Amino acid sequence: RDAEGEPDDGPHRANIDPLEPLTRGVWAFNDALDGTVIRPVARFYDRWTPEVVRMIARNFLSNLLDPYIALNNFLQGKPSEGFSDLARFLLNTTFGFIGFGDPASEAGYVKHREDFGQTLGVWGVPTGPYLVLPVFGPSNVRDGVGFGVDAFLALVNRFDDVSFRNSLVALGLVETRAGLLSADRVLDDALDRYLLVRDGYLARRRNLVYDGNPPDKD
C-alpha cells in the first residue's frame, strides 16, 4: 500500500510519481554518492565524535532554525507555537551560550519542526509529483519550492565567512545522516528501497502538515 493508504496499483502510482524513471535515476546517483562518501563520513563521525560535542553541534544548529520555525508557525496561524519558538531562541541564545546549550527545553518550551513546505500544505497547495533532489533526497514539487525558500531564509546564510558557513552546512548534513544510520538495516532488507523511502516520505510529510492528525481519505 502507498503513502496515502491506497493500493499501490499502476494508475495510482503513476499519479503520485509520474516522473519515476527520472526520479529513480536521481535516486541511483544519490545512493551511489551516499555509499561512497556520505555514509562512510557519517559512520566515522558517529563513531569517533564525543557525544557531548555532537550534542553541542545539534543544539547550535537547532537554535539557528527556531526563528524560521516561528515564522512558519505564524504563517500557519499558530501564534502560540510561534511565540514559544521565539522564546526558545532567546533563551538558548542568551542563557544557552549562543545555542550551545538548550535551557529552553528544560524550561518546558517544546521544540517544533516546521518548514515552508508544510506551510504551503496548510495553505492548501497540492503536493504535486514526487521528486528526488540531488544529494538532498526525497521531496515533491511543493516541498521542493519550500526547500528553496527554507535555504534562502536560513540564518546560517547570514554568516559572512563563507568557509564557516559552508562548514556549518556540511556539519548539519553529516549530523543528519549520522542520525539515520540506524535505519540503514531496514532499507537494506527492503525489496525496493526506492518505494519504501518514497511512500514513507509522503506519509510522513502528510502527517506533519496536519500536525499528526491527518483527515481520513474519502
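1. Aromatic pairs. Rings of Phe, Tyr and Trp, the last represented by its six-membered ring, are taken to pair if their centres lie within 6.5 Å; planes under 30 degrees apart count as stacked, those over 60 as edge-to-face, and the rest as tilted. By this rule the predicted model contains 8 aromatic pairs. One of them joins Trp 27 and Tyr 194, which meet edge-to-face with 6.1 Å from centre to centre and 85° between the planes. Since Trp 27 belongs to helix H2 and Tyr 194 to helix H10 (residues 193–209), this pair ties together parts that are 167 residues apart in sequence.

2. Burial of these rings, and a second pair. Trp 27 has a relative accessibility of 18% and therefore counts as buried, the cut-off being under 20%. Tyr 194, at 1%, is likewise counted as buried. Tyr 194 also pairs with Tyr 130: the ring centres are 6.1 Å apart and the planes stand at 80°, so this pair is edge-to-face. It links distant parts of the chain, with Tyr 130 in strand S1 and Tyr 194 in helix H10, 64 residues apart. Tyr 130 is buried, as is Tyr 194. Ring pairs connect Trp 27, Tyr 130, Tyr 194 and Tyr 201 into a cluster.

3. Overall architecture. The chain has 10 helices and 2 strands. Read from the N terminus, the order of elements is α-α-α-α-α-α-β-β-α-α-α-α. For 218 residues a compact globule would be expected to have a radius of gyration near 17 Å, and the 18 Å of this chain agrees with that expectation. The C-alpha trace spans about 55 × 40 × 30 Å along its principal axes. Of the 218 residues, 36% are buried. Among contacts with a separation of 6 or more, 63% are between residues 24 or more positions apart.

4. The hairpin. How do strands S1 and S2 pair, and over how many bridges? Strand S1 (residues 130–133) and strand S2 (residues 137–140) pair in the antiparallel sense, over 4 bridges. Within this pairing, Val 132 stands opposite Pro 138 in S2. The two strands form a hairpin with 3 residues between them. Tyr 130, discussed above for its ring pair with Tyr 194, lies in S1.

5. Backbone points for inspection. Most residues other than glycine have a negative phi. Two residues in this model merit attention on that account. Val 135, in the loop between S1 and S2, has a positive phi of about 75° although it is not a glycine. Its relative accessible area is 42%, and Val 135 is thus partly exposed. Phe 97 is also not a glycine, and has a positive phi of about 55°. Phe 97 lies in the loop between helix H4 (79–94) and H5, and is exposed, with a relative accessible area of 63%.

6. Polar contacts around Asp 66. Lys 111 is located in the loop between helix H5 (103–106) and helix H6 (116–122). The side chain of Lys 111 makes polar contacts with the side chain of Ser 62, at 2.7 Å, and with that of Asp 66, at 2.6 Å. The side chain of Asp 66 is also in polar contact with the side chain of Arg 88, at 3.3 Å. Arg 88 is placed in helix H4. Is Arg 88 buried or exposed? At 2% relative accessibility, Arg 88 counts as buried.

7. Wider surroundings of Lys 111 and Arg 88. Setting aside residues up to four places away in sequence, Lys 111 touches Ser 62, Leu 65, Asp 66, Ile 69 and Arg 88. With neighbours within four places likewise left out, Arg 88 is in contact with Asn 63, Asp 66, Asp 102, Ala 104, Ser 105, Tyr 109, Val 110 and Lys 111.

8. Helix H8. The 18 residues of helix H8 (residues 162–179) should span 26 Å at 1.5 Å a residue; the end C-alpha atoms of H8 are 26 Å apart, which agrees. Which residues of H8 are buried? They are Arg 165, Leu 168, Gly 172, Val 174, Glu 175, Arg 177 and Ala 178. The elements that cover these buried residues include helix H2 (20–48), helix H3 (51–75) and helix H9 (184–189). Helix H2 is also the element that holds Trp 27.

Technical notes. Residues are numbered from 1 along each chain as its sequence is written. This is a predicted model: local features need pLDDT of at least 70, side-chain atom pairs count only at pLDDT 80 or more; totals for chains, interfaces and linings use all residues. Side-chain values use heavy atoms; hydrogens and water are left out. The expected span of a helix is 1.5 Å times one less than its number of residues. Buried means under 20% relative accessible area, exposed over 50%, partly exposed in between (1.4 Å probe, protein chains only). Contact means heavy atoms within 4.5 Å. A polar contact is a pair of N or O atoms within 3.5 Å; within protein, one must be able to donate a hydrogen and the other to accept it, and residues adjacent in sequence count only if both atoms are side-chain atoms. Two strands pair if DSSP finds at least two bridges between them. The radius of gyration is taken over C-alpha atoms; the globule rule is 2.2 Å times the number of residues to the power 0.38.
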